[in-house]
Amino acid sequence: MTREAELLQLRELREEGHAGRERLEEVEKENAILKEKIHHLDDMLKSQQRKLRQMIEQLQNSRMVIQERDRVIRELEEKVAMLEAEVSPQDINQHLVGIHDSQQFSSDSTE
């Protein structure tokens with residue numbers, strides 16, 4: 001190989017090395033940008049997971065409250081049924097007649 005050919009080959013290698021370094025810098029910048037994006041997305045994902053867990057917890061608490069209210073309603077319905085069974089229609093009629101009579105008596109005495 002001639003000296004000129006060697007010099008030409010060395011120049012080409014140097015230029016290739018310079019181009020390779022530039023490409024390496026570009027790739028490293030892209031890598032840093034992608035890492036930052038991944039970090040941001042990871043933070044967003046964790047935030048959404050926290051919100052979802054809070055919503056699930058609220059839903060579970062609401063279900064417990066509803067179940068407790070349903071239990072109280074059932075107990076009250078049972079008490080009403082028991083009271084209705086204890087009071088006969090005759091008792092109700094007598095009570096209503098008594099109220100009607102007392103209202104008539106009070107209106108007669110005021111005249």
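Start by selecting Glu28: this residue is partly exposed, with a relative accessible area of 48%. On that scale, buried means under 20% relative accessible area, exposed means over 50%, and partly exposed is what falls in between (1.4 Å probe, protein chains only). Glu28 sits in helix α1. Helices here are DSSP runs of H or I with at least four residues, strands are runs of E with at least two, and both are numbered from the N terminus.

Before you click on, a word on what is loaded. You are looking at a predicted model, with residues numbered from 1 along each chain as its sequence is written. Local features need pLDDT of at least 70 and side-chain atom pairs count only at pLDDT 80 or more, while totals for chains, interfaces and linings use all residues, and side-chain values use heavy atoms, leaving out hydrogens and water.

**Zoom out**

Show the whole protein as a cartoon. You should find two helices and zero strands. The radius of gyration is 45 Å, well over the 13 Å that the globule rule gives for 111 residues, so the protein is more spread out than a compact globule. That radius is taken over C-alpha atoms, and the rule is 2.2 Å times the number of residues to the power 0.38. Along the principal axes, the C-alpha trace spans about 140 × 35 × 15 Å.

Now switch on the surface. Buried residues account for 0% of the 111 residues. The accessible surface adds up to about 10,900 Å², and carbon and sulfur atoms own 57% of that. These areas come from the Shrake-Rupley method with a 1.4 Å probe, and for residues only the protein chains shown count as cover.

Colour by charge next. There are 17 positive and 25 negative charges, and their mean positions are 14 Å apart. Lys and Arg count as positive, Asp and Glu as negative, with His and the chain ends not counted. Each charge is placed at NZ of Lys, CZ of Arg, CG of Asp or CD of Glu.

**Walk along helix α1**

Go back to Glu28 and add Leu52. The two are 24 residues apart along the chain, and their C-alpha atoms are separated by 36 Å.

Next, pick Ile33, in helix α1 (residues 3-86). Ile33 counts as partly exposed because its relative accessibility is 49%. Draw a C-alpha to C-alpha distance from Ile33 to Gln49: it comes out at 24 Å for 16 residues of sequence.

For a longer line, select Glu25, another resident of helix α1. Glu25 is partly exposed at a relative accessible area of 47%. From Glu25 to Arg71 there are 46 residues in sequence and 69 Å in space, C-alpha to C-alpha.

**Salt bridges**

How many salt bridges does a search of the whole structure find? The search turns up four, where a salt bridge is a side-chain nitrogen of Lys or Arg within 4 Å of a carboxyl oxygen of Asp or Glu.

Show sticks for Lys46 and Asp42, whose side chains meet in one of these bridges at 3.3 Å, N to O. Lys46 and Asp42 are four residues apart in helix α1, so about one helical turn separates them. Lys46 is partly exposed at 41% relative accessibility, and Asp42 is partly exposed at 31%.

Now centre on Arg71. Its side chain meets that of Glu68 in a salt bridge at 2.3 Å, N to O, and that of Glu75 in another at 2.4 Å, N to O. Glu68, Arg71 and Glu75 are thus linked in a network of salt bridges. Glu68 and Arg71 are three residues apart in helix α1, so they are separated by about one helical turn. Arg71 and Glu75, also both in helix α1, are four residues apart, about one turn of the helix. Check the surface here too: Glu68 is partly exposed at 38% relative accessibility, Arg71 at a relative accessible area of 33%, and Glu75 at 36%.

**Last stop: a nonpolar patch**

Select Val87, in the loop between α1 and α2 (89-110). Val87 counts as partly exposed, with 40% relative accessibility. Add Ile92, Leu96 and Ile99 to the selection: with Val87, they make a nonpolar surface patch of about 320 Å². Patches are made of residues with over 30% relative accessible area and no salt bridge; like charges are joined within 9 Å, and nonpolar side chains (Val, Leu, Ile, Met, Phe, Trp, Tyr) within 5 Å.
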